[in-house]
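Me: I'm new to this one. Could you take me through a single part of it in some detail, namely the place where the ligand sits?

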Amino acid sequence: MTEPEFDFLRAFLKARSGLALTPDKQYLAESRLEPVRRHFGLESLAALVAALRAGRDPDLEISVLEAMTINETFFFRDKIPFDLFKEVLLPRYMKARAASKRLRIWCAAASTGQEPYSLAMLLDEARPSLAGWRIEILATDLSKAVIDRAKAGLYTQFEVQRGLPIQLLLKHFTQVGDQWQISPKIREMVSFRTANLIRDFTPFGFFDIIYCRNVLIYFDTATKSAVLQRLAAALAPDGALVLGAAETVLGLTEALVPEPDHRGLYARADAPGLPPVRVAGARHPAFCATPDLLRAST
Ligand SMILES: C[S@@+](CC[C@H](N)C(=O)[O-])C[C@H]1O[C@@H](n2cnc3c(N)ncnc32)[C@H](O)[C@@H]1O
């Protein structure tokens, strides 16, 4: 691939997914795109870039985006965000939403589903205290390929050995050939669909809790700021945003502030109980429950 071809590819990825590929990543791009080239029967990577430029093959575009995303994930990844869910967020919102008994959670870059299913398993543990509650977990990702895998809920031996306690494996999974399938009870707690974080996601409505972990790290500063600003606007006024260990809001948006006692947890800067912060250009619409937009999983 020539330098101008690689530059076009970088601009394409940035515009379509937010992925900011640095100039030193040409070798990585070439090795990841080689299987795509073969699959589409193109004679060279130059031909692949030319086909992208022509913009006539949406399937090729999707395959290129999917080949370039990093889908690394595992059950209860990093532990702390899940301890936070069980010990801080769930008790907090069970109290705050005691009247409506409604809770909306969004995993905004869910990959193959281990993150939303980890939350669903924790909710299942709390089921006795959640009688009469209506709890939605929406799990989205840019990549249809990973969302299809997440929906199937089928994991390899290697995947269930990463982070999943044995008791939860035995309780919620059954062996299917050499794989493990998550139970319908846990599967049905999560709605899956594709969604691109750099596009409009206001139709999803407002959420009490958003997990958006280990995806902002792939974006440049301007894209991180824009996405964080829109995530803040998708939170209920007293909602909580959970970011990955290497991610922060500091220096990126004034619409969100870290919760001092809980690493990785962020609140809206104008949340009730926090001193008001002037947020340039940010509008925070009043919280309102959204219709059952998310019931139909795609
Ligand atoms: C490294 S995985 C993180 C998965 C999970 N949140 C975790 O922390 O284990 C990053 C995911 O972000 C998705 N992704 C990348 N760009 C995206 C975008 N613009 N919108 C939505 N998802 C995106 C990728 O497809 C990938 O599955």
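Reply: Let's begin with what counts as being near the ligand: a residue does if one of its heavy atoms lies within 4 Å of the ligand. Keep in mind that this is a predicted model. By that cut-off, 19 residues surround the ligand, and the closest are Ser17, Thr73, Ala109, Asp141 and Asn214. Sorted by class, that shell has seven nonpolar, seven polar and five charged residues.

Now for some polar contacts. Asp141, one of the closest residues, has a polar side-chain atom 2.6 Å from an oxygen atom of the ligand. Asn71 also puts a polar side-chain atom by a ligand oxygen, at 3.0 Å. With Glu115, the partner is a nitrogen atom of the ligand, and the polar side-chain atom lies 3.2 Å from that nitrogen. As for how covered the ligand is, taken alone it exposes 600 Å², and the protein buries 98% of that.

So much for the ligand; what about the space around it? The ligand takes up the largest pocket, which has a volume of about 410 Å³. Lining this pocket are 24 residues, and those nearest its centre are Ile70, Ala109, Asp141, Asn214 and Val215. You'll recognise Ala109, Asp141 and Asn214 from the residues closest to the ligand. The lining is made up of 12 nonpolar, seven polar and five charged residues.

Notes. Residues are numbered from 1 along each chain as its sequence is written. This is a predicted model: local features need pLDDT of at least 70, side-chain atom pairs count only at pLDDT 80 or more; totals for chains, interfaces and linings use all residues. Side-chain values use heavy atoms; hydrogens and water are left out. On a 1 Å grid over the protein atoms alone, a cavity is a set of points where a 1.4 Å probe fits but cannot get out, and a pocket is an open set with protein on both sides within 12 Å along at least five of seven lines; lining residues have an atom within 4 Å of a point. Grid points are joined across faces, edges and corners, and a volume is the space filled by probe spheres set on the points. Ala, Val, Leu, Ile, Met, Phe, Trp, Tyr, Cys and Pro count as nonpolar, Asp, Glu, Lys and Arg as charged, and the others, Gly among them, as polar. A polar contact is a pair of N or O atoms within 3.5 Å; within protein, one must be able to donate a hydrogen and the other to accept it, and residues adjacent in sequence count only if both atoms are side-chain atoms. Accessible areas come from the Shrake-Rupley method with a 1.4 Å probe; for residues, only the protein chains shown count as cover. A molecule sits in a cavity or pocket if more than half of its atoms lie within 2 Å of its grid points.
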